[in-house]
Amino acid sequence: MRPFNFNIQKKAQVILFSMLMCNHGNVFAQEKVASNVTSNDGNKKYNVLFIVADDLNCDMGCFDDPIVKTPNLDKLRQHAVRFNNSYCQYPFSGPSRASFLTGYTPDRTGVLDLKTNFRDNLPAAVTLPELYKKNGYYTARVGKVFHANVPNDIGKPGMDDPQSWIDTYNPIGIDRTEEDKVINVTPDRPVGSALCYMATDGSDDEHTDAIGANIACTMIKKNKNKPFFIAMGFYRPHSPYVAPKKYFDLYPMDQITLPEVPEDDWVNRPIYERFTDPINWGVEETKLREAKRGYYAGISFMDAQIGKLLKTLEEEGVADKTIIVFCGDNGYNLGQHGMWKKQALFEHTTRTPLIFSVPGLTNNEGKSSRVVEMLDIYPTLANLCNLKNIPQDLQGKNLLPLLQNPDAAWDGAAYSVLLRTPNRFIKYMKKGERALGRTIRTERYRYTEWNDGEKGGELYDYQVDPNENDNLYNNPKYKKIQKELQEKLYKKIEK
């Protein structure tokens, strides 16, 4: 197997930031994007609007959730393919973004934490936006695209990759400047990793993500006559869960429930899978539900900002030649197994939203149950746009067959990895101990090993156990299946 690079280098970046605002009202409706582009020849290049949200799981109306309201993403999916089984390669922002923006697994990038820069290990890597830049596109970033700590790096570039962009903007709003007003139901944890929320009385445009969306709207207008790759990185719904009060009002408390967790849920699981320790951080149910409500409010607020972007594409006459990709960086637990946030190899933490809208290709609403990876975004976009000098060692697959036919035959399996180390919150581990979890997800199963099985493993059959209540690892009845999945996992590691 390919060993991990555990060298962690600290790198500080101090870059001045600037802000640009444009006035643009809230939009909760959007006309269907025209789809009359049938080719992408030299005379009519596709633009790309790349939208990435922070800590967003698939609990959304656009992914058939009955509670969470996402009217603009609902509109987008009407002319897009929605991938219902898309998975990140690392359930944590920094490693995940380094992976899908370079097209390489965390094994290759060596990024397993929030401190390592992928260029420490891959100085010559050509990122996805950088490839567009090299192909003559205007490339720009607004907000968080490469990793940035939230909330401390709001208004700053964080661990951005300057050579990928022509322009960058780092918006900042009251969710950061009035952060001291948040309600933290886990006060021993800093707000960026806490269960905390705030419903503000101000307008959307006082918030970081709305300011960022307004900037992106201006960028679209100013660059509509040239091919562009504009990346809009939303900070929500990452904690602290901050949004205007009207979005909280969408979710009465009696609608907010928590997942049922069996009393013996952790009896037969490796302890290293546990991120929230103790279960639910010992917080009582009402406070957990209040925090979850804040998370949902953040999603709907973010969706409203997406509406601005979609409306601008339409009004500026570029919707019919702009590919839109919408994704999250990792999944997010909201009480599943008594766990919260990310950093676990469960379904809810590794599954990510992914929507592709391609003019002239995804003319109708499509749903694909095929298993795909975030790694697949890079080669798919690069090939859709006929870019030159695409790196030949990208580790993802071109999703074009599934964009053409969401039900097409597809031999897909998703690989994710997680390094667990002790800290002041993970108290069950010994000083200096490391647990490396690797998992493979097929359409029916998930197979996980911790330290190559030395620290235990997991096997779940989602056809009969969608909530992962029964760990079948080393179950004699699944011996053959386990061996097959182990072989698939090792092939992914050695790739």
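**Exercise 1. State which residues of helix 11 are buried, and what follows the helix.**

Solution. The buried residues of helix 11 are Ile377, Tyr378, Pro379, Thr380, Leu381, Ala382 and Leu384. The helix spans residues 377-384 and is mostly covered, with seven of its eight residues buried. Just after the helix, Asn386 adopts a positive phi of about 50°.

**Exercise 2. Determine how far confidence in this predicted model extends along the chain.**

Solution. The structure is a predicted model, and its mean pLDDT is 91. Of its residues, 91% reach a pLDDT of 70 or more. Over residues 1-42, however, pLDDT stays under 50. For that segment the model has 119 contacts beyond four places in sequence. Where pLDDT is low, the predicted coordinates should not be read in detail.

**Exercise 3. Describe the pairing and burial of strand 16, strand 17 and strand 18.**

Solution. Begin with strand 16 (residues 435-441), which runs antiparallel to strand 17 and is joined to it by five bridges. Thr439 has Thr448 of strand 17 as its bridge partner. Three residues lie between strand 16 and strand 17, which form a hairpin.

Next, strand 17 (residues 445-450) is joined to strand 18 by five bridges, again with the two strands antiparallel. Here Tyr445 is matched with Asp461 of strand 18. The hairpin of strand 17 and strand 18 has six residues between the strands, and in this hairpin Asn451 takes a positive phi near 50°.

Finally, consider burial. In strand 17, six of its six residues are buried. Tyr445, Tyr447 and Glu449 lie on one side, Arg446, Thr448 and Trp450 on the other, and both faces are covered. In strand 18 (residues 457-461), five of its five residues are buried. Gly457, Leu459 and Asp461 point one way from strand 18, while Glu458 and Tyr460 point the other way.

**Exercise 4. Work out which strands stand at the edges of the open sheet with the order 5-6-8.**

Solution. The sheet has three strands and mixed pairing. Strand 5 (183-184) and strand 8 (241-244) each have a single partner strand, so one side of each is left without a neighbour in the sheet; these are the edge strands. Strand 6 (residues 196-200) pairs with strand 8 in the parallel sense over four bridges. One of the paired positions is Thr200, whose bridge partner in strand 8 is Pro244.

**Exercise 5. Establish whether Asp54 is buried or exposed, and list its contacts.**

Solution. First locate the residue: Asp54 belongs to strand 1 (residues 47-54). Its relative accessible area is 0%, which falls under the 20% cut-off, so Asp54 is buried. Leaving aside residues up to four places away in sequence, Asp54 touches Ser93, Arg97, Lys144, Val150, Phe234, Tyr235, Arg236, Pro237, His238 and Asp329.

**Exercise 6. Characterise the cavities of the model, with attention to the lining of the largest.**

Solution. Rolling a probe the size of a water molecule over the atoms shows where empty space is left. The model has four cavities of 30 Å³ or more. The largest cavity has a volume of about 80 Å³. Its lining consists of Gly94, Arg97, Ala98, Val111, Thr116, Asn117, Phe118, Phe146, His147 and Met159. By class, five of these are nonpolar, four polar and one charged. Helix 2 (residues 93-102) gives the most to this lining, with three residues. Arg97 therefore appears twice in these exercises: it lines the largest cavity, and it is among the residues that Asp54, buried at 0%, touches.

**Exercise 7. Describe the volume and lining of the largest pocket and of the second largest pocket.**

Solution. The largest pocket has a volume of about 1100 Å³. It is lined by 42 residues, of which Phe92, Leu114, Asn149, Gln343 and Asn423 are the closest to its centre. The lining divides into 17 nonpolar, 15 polar and 10 charged residues. Strand 15 (residues 414-420) supplies the largest share, three residues.

The second largest pocket has a volume of about 710 Å³. Of its 28 lining residues, Asp59, Pro259, Gln336, His348 and Asn467 are the closest to the centre. Helix 9 (285-315) and helix 10 (347-350) are the elements that give two or more residues to this lining. By class, the lining has 11 nonpolar, eight polar and nine charged residues.

Methods
Residues are numbered from 1 along each chain as its sequence is written. This is a predicted model: local features need pLDDT of at least 70, side-chain atom pairs count only at pLDDT 80 or more; totals for chains, interfaces and linings use all residues. Side-chain values use heavy atoms; hydrogens and water are left out. On a 1 Å grid over the protein atoms alone, a cavity is a set of points where a 1.4 Å probe fits but cannot get out, and a pocket is an open set with protein on both sides within 12 Å along at least five of seven lines; lining residues have an atom within 4 Å of a point. Grid points are joined across faces, edges and corners, and a volume is the space filled by probe spheres set on the points. Ala, Val, Leu, Ile, Met, Phe, Trp, Tyr, Cys and Pro count as nonpolar, Asp, Glu, Lys and Arg as charged, and the others, Gly among them, as polar. Buried means under 20% relative accessible area, exposed over 50%, partly exposed in between (1.4 Å probe, protein chains only). Contact means heavy atoms within 4.5 Å. pLDDT is the predictor's confidence in each residue, from 0 to 100. Two strands pair if DSSP finds at least two bridges between them.
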